[in-house]
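Biologist: Can you walk me through this one slowly, a bit at a time?
Modeller: Gladly, and just ask whenever a term is unclear.

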Amino acid sequence: MNQPNNNKTADEIASSANNNNASLAALDISATDSIDNTLVDSFYGEDSLLPIMRATLDYMNERIKNGLTLPYFADINPELWQKKPKALDIYITDESEGRELNLEARGKDYATNILSYPSDLPASIIELMPTLPLGELIICHAVVVREAAEQEKTVVQHISHLLVHGVLHLLGFDHELGQAEQDEMESFEIEILAGLHLPNPYLPNA
């Protein structure tokens, strides 16, 4: 995994979102029936999530320019990847369904905060598609609220961090592979969130 060359500040990278129309073209947000629409509108409205998604993708675009390889898209020409509009699905679930999904996906019998399902399409197919699907993020809101309270963060702060974290997983970064991978992924998250004027999520009481 190539290490990024930090030629731009996080603020400069995040601000490029306004000038990059190809970063995220489609964001589909849905929820299980047990989740109230008011809750979805309050925490997961498109106006709230789009800036986070676009800032994350624009940050990674800058890193690609400096030689970073996206593990799940290593077979795709970097310039093509950057130019293609991206699509992302986000699904909000409850603890019951979240537990079932986590058990099915990871063999762990509890609801977790976020699950990432990469699109996992071959490069030959992606090259033909007008929009590049990144995959799906599934968020268990009850777990997010509980964790935010435990970590003395706002729910919005925690959601923002988890969304950045989830997108990085969709791109192929995995903190569970080793310390170097964990350090790299966390450094990306910290800088992306700083560009959004959000605190370091790994500092106590951030």
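Biologist: Which residues is alanine 31 in contact with, leaving aside its neighbours within four places in sequence?
Modeller: Once those neighbours are set aside, alanine 31 is in contact with Val40, Tyr91 and Ile92, where contact means heavy atoms within 4.5 Å. Please keep in mind that this is a predicted model, in which local features need pLDDT of at least 70 and side-chain atom pairs count only at pLDDT 80 or more, while totals for chains, interfaces and linings use all residues. Residues are numbered from 1 along each chain as its sequence is written, and side-chain values use heavy atoms, with hydrogens and water left out.

Biologist: Where does alanine 31 lie, and is it buried or exposed?
Modeller: Alanine 31 lies in strand S1; strands (E, at least two residues) and helices (H or I, at least four) are DSSP runs, numbered from the N terminus. Alanine 31 counts as partly exposed, because its relative accessibility is 28%; the cut-offs are under 20% relative accessible area for buried, over 50% for exposed and in between for partly exposed, with a 1.4 Å probe and protein chains only.

Biologist: What is the strand order in the sheet?
Modeller: The four strands form an open sheet in the order S1-S2-S4-S3, and their pairing is mixed; two strands pair if DSSP finds at least two bridges between them. Strand S1 (26–31) and strand S3 (114–118) stand at the edges with a single partner strand each, so one side of each has no neighbour in the sheet. From one strand to the next, the twist averages 15 degrees.

Biologist: And how many bridges join S2 to S4, and how many join S3 to S4?
Modeller: S2 and S4 run parallel and are joined by eight bridges; within that pairing, threonine 93 has cysteine 140 in S4 as its bridge partner. S3 and strand S4 (residues 132–140) run antiparallel and are joined by five bridges. Tyrosine 117 has glutamate 136 in S4 as its bridge partner, and proline 118 stands opposite glycine 135 in S4. S4 is largely enclosed by the rest of the structure, because seven of its nine residues are buried.

Biologist: Which strands does H8 lie across?
Modeller: H8 lies across S2, S3 and S4, and runs at about 30 degrees to S3; such angles run from 0 to 180 degrees between N-to-C directions, with axes that are lines fitted to C-alpha atoms, for helices over the stretch in contact.

Biologist: Changing topic, how many aromatic pairs does a search of the whole structure find?
Modeller: The search finds four aromatic pairs. One of them is tyrosine 59 with phenylalanine 188, which is edge-to-face at 5.9 Å centre to centre and 65 degrees between the planes. That pair links distant parts of the chain, since tyrosine 59 is in helix H3 (residues 46–65) and phenylalanine 188 is in helix H9 (residues 179–195), 129 residues apart.

Biologist: Why is the pair of phenylalanine 173 and phenylalanine 188 edge-to-face?
Modeller: Their ring centres are 5.4 Å apart and their planes are at 80 degrees, so the pair is edge-to-face. The rule is that rings of Phe, Tyr and Trp (its six-membered ring) pair if their centres lie within 6.5 Å, and planes under 30 degrees apart count as stacked, over 60 as edge-to-face and the rest as tilted. Tyr59, Phe173 and Phe188 form one aromatic cluster. Phenylalanine 173 counts as buried because its relative accessibility is 1%, and phenylalanine 188 is buried with a relative accessible area of 0%.

Biologist: What about aspartate 120, where is its place, and what is its phi?
Modeller: Aspartate 120 is in the loop between S3 and helix H6 (123–126), and its phi is positive, about 55 degrees, although it is not a glycine. With a relative accessible area of 70%, aspartate 120 is exposed. Histidine 197, found in the segment after H9, also has a positive phi, near 65 degrees, in a residue other than glycine, and at 66% relative accessibility histidine 197 counts as exposed.

Biologist: Last one, what does the secondary structure of the protein come to?
Modeller: The protein has nine helices and four strands, and from the N terminus on they run α-β-α-α-α-β-α-β-α-β-α-α-α. Of the 206 residues in the protein, 45% are buried.
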